[in-house]
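Student: I would like to practise reading a model from its overall division down to its helix contacts and then to a single residue. Could you take me through it step by step?

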Amino acid sequence: MTERALDLDAVKAFVRIAELGSFTQAAEAMGTTQAAVSLKLKRLEDRLGFRLVERTPRYVELSARGAGFLMHARELLAAHDRALSAVAEARQRLAIGISDHVAGPELPALIARMNAQDPQLLIEIRIASSDDLLQRFDRRELDTVLVRLHAGRSDGKVITQEKFGWFAAPGWQHRAGEPLPLATMAQPCGVRALAGELLDTAGIPWTEVFVGGGVMAVTAAVMAGLGVAALSPRMLPFGAVDAGPRLGLPAIPPLPVVLHTRVRDGRARDALAALSAAFRSAVRG
């Protein structure tokens with residue numbers, strides 16, 4: 001009797017659950033619902049005859065046999081992708097722009113996640129300011145951009161909201177009577193503009209003491225003790241402190257991260273879904 005073949009979509013759902021540790025995140029990465037992912041996993045478990053995943057109220061964990069099956073599942077999907085790529089006429093290219101204030105230290109993991117989604121996809125990534133990337137997107141130089149919410153634009157999809165604070169080096173002290181020393185990104189930068197507006201509205205004198213060409217340069221200036229900067233906590237090295245409450249600085253509202261894309265279907269869409277899900281997980285983490 002011929003054995004019934006495994007459902008590749010169900011195998012893919014299992015791999016996504018294992019990689020992301022969440023049914024919800026797996027559903028987001030696959031562009032479907034949590035219920036659909038749960039059903040795919042149940043069908044796969046029924047086909048195999050054993051449980052792949054142990055569910056608890058707080059987390060998802062692979063069973064012992066599930067952990068053993070994971071390697072084979074990945075090999076199966078990779079073989080499927082190789083078979084498809086062997087008959088493909090050309091490698092599909094996806095040009096992505098990611099704002100420097102968005103990319104952060106998780107960028108290698110995000111790239112790895114997209115590559116795992118489709119190893120045959122040619123991924124091109126540009127890092128720049130949100131303003132520059134949106135201009136390139138409008139000129140069709142980029143297929144997709146992941147940026148901060150830009151004033152005057154209502155297009156794009158908000159994929160998450162990210163917390164910000166006024167960060168300084170441990171032990172840094174503001175000299176009484178002097179303007180607040182601020183490390184910022186070069187213009188145009190929406191976060192820089194927002195920080196200035198918040199301080200002006202609160203009546204807090206400030207002065208730029210450092211202008212960096214990227215977030216890494218700004219964080220270096222902060223940790224060198226030059227002053228404070230409006231940054232996301234995930235951008236800072238371990239040990240940086242939020243000096244806002246101590247200095248009486250105005251709260252920075254959560255800032256949206258927006259996805260603008262012309263990609264609507266195909267392999268590139270699946271890679272973007274994986275990127276969005278992984279980025280949400282990084283921000284929430």
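Tutor: We start with the domains of this predicted model. The assignment divides the chain into domain 1 (8–86), domain 2 (92–155 + 257–284) and domain 3 (165–253), so that domain 2 is written as two segments.

Student: How many Å apart are the C-alpha centres of domain 1 and domain 3?

Tutor: The C-alpha centres of domain 1 and domain 3 are separated by 43 Å.

Student: What do I need in order to describe two packed helices?

Tutor: Two packed helices are described by the angle between their axes together with the distance between those axes. In this model, the axes of H1 (residues 8–20) and H2 (residues 23–30) come within 8 Å and cross at roughly 125 degrees. That angle makes H1 oblique to H2, and the crossing is right-handed.

Student: Which residues of H1 and H2 meet?

Tutor: From H1, the residues are Asp9, Lys12, Ala13, Arg16, Ile17 and Leu20, and they meet Phe23, Gln25, Ala26, Ala29 and Met30 of H2. By class, the residues of this contact between H1 and H2 comprise seven nonpolar, one polar and three charged.

Student: How does H1 lie relative to H6, and at what angle do their axes cross?

Tutor: The axes of H1 and H6 (residues 107–117) come within 12 Å and cross at roughly 165 degrees. Because angles over 145 degrees count as roughly antiparallel, H1 and H6 are described as roughly antiparallel to each other. The crossing of H1 and H6 is right-handed.

Student: Which side chains should I look for there, and of what classes are the residues of the contact of H1 with H6?

Tutor: Look for Lys12, Arg16, Glu19 and Leu20 in H1, which meet Arg113, Ala116 and Gln117 in H6. The residues of that contact of H1 with H6 divide into two nonpolar, one polar and four charged.

Student: Now for a single residue: is Leu41 buried or exposed?

Tutor: A residue counts as buried when its relative accessible area is under 20%, and Leu41, with a value of 0%, is therefore buried. Leu41 is found in helix H3 (residues 34–48).

Student: What is Leu41 in contact with, once its neighbours within four places in sequence are left aside?

Tutor: With those neighbours set aside, Leu41 is in contact with Phe14, Ile17, Phe23, Leu52, Val53 and Arg55. As for distance, the C-alpha atoms of Leu41 and Val15, which are 26 residues apart along the chain, are separated by 9.8 Å.

Note on methods:
Residues are numbered from 1 along each chain as its sequence is written. This is a predicted model: local features need pLDDT of at least 70, side-chain atom pairs count only at pLDDT 80 or more; totals for chains, interfaces and linings use all residues. Side-chain values use heavy atoms; hydrogens and water are left out. Axes are lines fitted to C-alpha atoms, for helices over the stretch in contact, and angles run from 0 to 180 degrees between N-to-C directions. Helices (H or I, at least four residues) and strands (E, at least two) are DSSP runs, numbered from the N terminus. Angles under 35 degrees count as roughly parallel, over 145 as roughly antiparallel, 65 to 115 as roughly perpendicular and the rest as oblique. A crossing is left-handed if the near helix is turned anticlockwise from the far one by less than a right angle, and right-handed if clockwise. Contact means heavy atoms within 4.5 Å. Ala, Val, Leu, Ile, Met, Phe, Trp, Tyr, Cys and Pro count as nonpolar, Asp, Glu, Lys and Arg as charged, and the others, Gly among them, as polar. Buried means under 20% relative accessible area, exposed over 50%, partly exposed in between (1.4 Å probe, protein chains only). Domain bounds come from an automatic or database domain assignment.
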